[in-house]
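Colleague: I would like a close look at a single strand in this model and at what surrounds it. Please start from the overall form of the protein and then work inward, step by step.

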Amino acid sequence: MWPKTDLTDLFGNEHPIIQAPMAGSTTVELVAAVSNAGGIGSMGYSKTSTEQIRDDVEKIRKLTDKPFNLNFFAHDTPVNKPDVIESTRERLKPFYSEVGLKEIPQNVSKPLLTFTEERLELLLEIKPLLVSFHFGLPGFDAIKSLKKAGSRILCSATTTAEAIALEQSGVDIVVAQGWEAGGHRGSFDVNHEDHGVGTLALVPQIVDAVKIPVVAAGGIADGRGIAAAFMLGACGVQMGTAFLSCPEVNVSDAHLEAIRISRDDDTRLTKAFSGRPARARQNNYIESMAAHRLPLPDFPTMYTLSDPLREASNDTLDYRFLLYGQAAALNREMPAAELVQTLVTEAQNLL
Ligand SMILES: Cc1cc2nc3c(=O)[nH]c(=O)nc-3n(C[C@H](O)[C@H](O)[C@H](O)COP(=O)(O)O)c2cc1C
């Protein structure tokens, strides 16, 4: 039995463990396996067409009748400053030459997709039980109509102020994302200086500041982390990195191997790949871009400019954007259903 049941009461699932959305890495098989095991599986949809989302949801619903979550980025359209783009292209030239590439793309389109009217229409039609957002929320009207259609809304917060703003906007559950977390920081305003509040400090302060349920995320890798999150007042956890070592996940061999040999101190926050801070494995490119301290194009324009480097990096880790969190060394390689069961047993024994 879990000490707090706000999350499981809301969704009727057995265990308060949300497998985090991880755009590009989460698969319908992973989501179905986690949800069938009593947790909540999540798809990350910042790289997927609306039509593909429709197909995925059809497949997931064939694989499970349990609740699952669909996740979207909610970032603003980038303001493209030609001088910043030009100076960044200059800085990227040596890196491009090193991997044998000549052309730095002129195209500054939006490869990472934000939440649009088209996506809203799809969600209103397919009515998922859970919809979550990262980088803040889309407009108030979108939240209102999603809730009216029966969806519950989750959103990441990296500070207490963000959590309070989410509660005031009608969000049902706050995902308190600590500094340890792998992937992009969910911060709303990327220009606001980030003081990096850790999960242990963030969760209880958000729990005290809002009345809605709080889910803890960031650096939670096993039953000890889950039990600790409950002691801090959370009603559940959202875990990303821990699930990256499950066979149902879509990750490269290089990513998996980097996690196998990871240490607590081998990641860092970087804007060098996408234009927004993300926790990834440290490498030469990240180090060297950090040393320049020059402004970078807005998210996700920077992602377009660095994309060919990532693609060309093959076996070298120097240009790879390997997202994982500070607790990756605690990962276990096992099928997702077995991982959920292991986490449940460990946490319940401690609790
Ligand atoms: C590879 C990777 C990709 C991620 N992509 C997303 C995403 O698409 N949407 C999102 O809301 N969070 C994303 N996150 C962040 C997670 O939601 C969560 O905050 C984080 O995984 C928790 O920390 P942990 O990795 O230490 O468990 C991602 C995390 C990782 C590791």
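Modeller: With 351 residues, a compact globule would have a radius of gyration near 20 Å, and the protein in this predicted model has 19 Å, which agrees. Along its principal axes, the C-alpha trace spans about 55 × 45 × 40 Å. The chain forms 13 helices and eleven strands, and buried residues make up 55% of the 351 residues. If we take the contacts with a separation of 6 or more, 67% of them are between residues 24 or more positions apart. The protein exposes about 15,100 Å², and carbon and sulfur atoms supply 50% of that area.

The strand I have chosen for the close look is β6, which covers residues 173-177 and is mostly covered, since five of its five residues are buried. Both faces of β6 are covered: on one side Ile-173, Val-175 and Gln-177 are buried, and on the other side Val-174 and Ala-176 are buried as well.

Let us now look at the strands that pair with β6, beginning with β5. Strand β5, residues 152-157, runs parallel to β6 and is joined to it by four bridges, and within this pairing Ala-157 stands opposite Ala-176 of β6. Between the two strands comes helix α7, residues 160-168, and β5, α7 and β6 together make a right-handed β-α-β unit.

The loop between β5 and α7 holds Thr-158, a residue that is worth following back to our strand. Because its relative accessible area is 2%, and buried means under 20%, Thr-158 counts as buried. Leaving aside its neighbours within four places in sequence, Thr-158 is in contact with Gln-177 of β6, and its other contacts are Arg-185, Gly-186, Ser-187, Val-197 and Leu-202.

Strand β8, residues 214-217, also pairs with β6: four bridges join the two, and they run parallel. Here Gln-177 stands opposite Ala-217 in β8, so that the residue touched by Thr-158 also has a place in this second pairing. Like β6, strand β8 is covered on both faces, with Val-214 and Ala-216 buried on one side and Val-215 and Ala-217 buried on the other.

From β8 the pairing can be followed one step further, to strand β9, residues 236-239, which pairs with β8 in the parallel sense over three bridges. In that pairing, the bridge partner of Val-215 is Gly-236 of β9. Helix α9 belongs to this part too, for β8, α9 and β9 make a right-handed β-α-β unit.

The loop between β8 and α9 (223-231) contains Gly-219, and unlike Thr-158, which is buried, Gly-219 counts as partly exposed, at 38% relative accessibility. Leaving aside its neighbours within four places in sequence, Gly-219 is in contact with Glu-180, Ala-181 and Ala-327. The C-alpha atoms of Gly-219 and Gly-240 are separated by 8.9 Å, although these residues are 21 residues apart along the chain.

We can now turn to the nonpolar packing. The largest nonpolar core has 67 residues, and those that touch the most other members are Leu-70, Phe-72, Phe-133, Ile-206, Ile-226, Met-239 and Phe-243. Helix α13, residues 336-350, gives the most to this core, with six residues. Apart from this core lies another one, of 22 residues, among them Phe-95, Phe-135, Phe-299 and Tyr-303.

Of the residues named for the largest core, Ile-206 leads us back to the strand we began with. Not counting residues up to four places away in sequence, Ile-206 touches Val-174 and Ala-176, which are the residues buried on one side of β6. The residues that Ile-206 touches also include Ala-157, Thr-159, Thr-160, Ala-163 and Val-214. Among these, Ala-157 is the residue that stands opposite Ala-176, and Val-214 is one of the buried residues of β8.

To sum up the close look, β6 has five of its five residues buried, is joined by four bridges to β5 and by four bridges to β8, and has Val-174 and Ala-176 in contact with Ile-206.

Methods
Residues numbered from 1 in each chain as written. Predicted model: local features only at pLDDT ≥ 70, side-chain atom pairs only at ≥ 80, totals over all residues. Heavy atoms only, no water. Buried < 20%, exposed > 50% of the residue type's maximum accessible area, 1.4 Å probe, protein only. Right-handed = clockwise from strand over helix to strand, strands pointing away. Rg over C-alpha atoms; globule rule 2.2 N^0.38 Å. Contact = heavy atoms within 4.5 Å. Areas by Shrake-Rupley, 256 points an atom, 1.4 Å probe, with all protein chains shown as cover. Core = buried A, V, L, I, M, F, W, Y, C linked by side-chain atoms within 4.5 Å.
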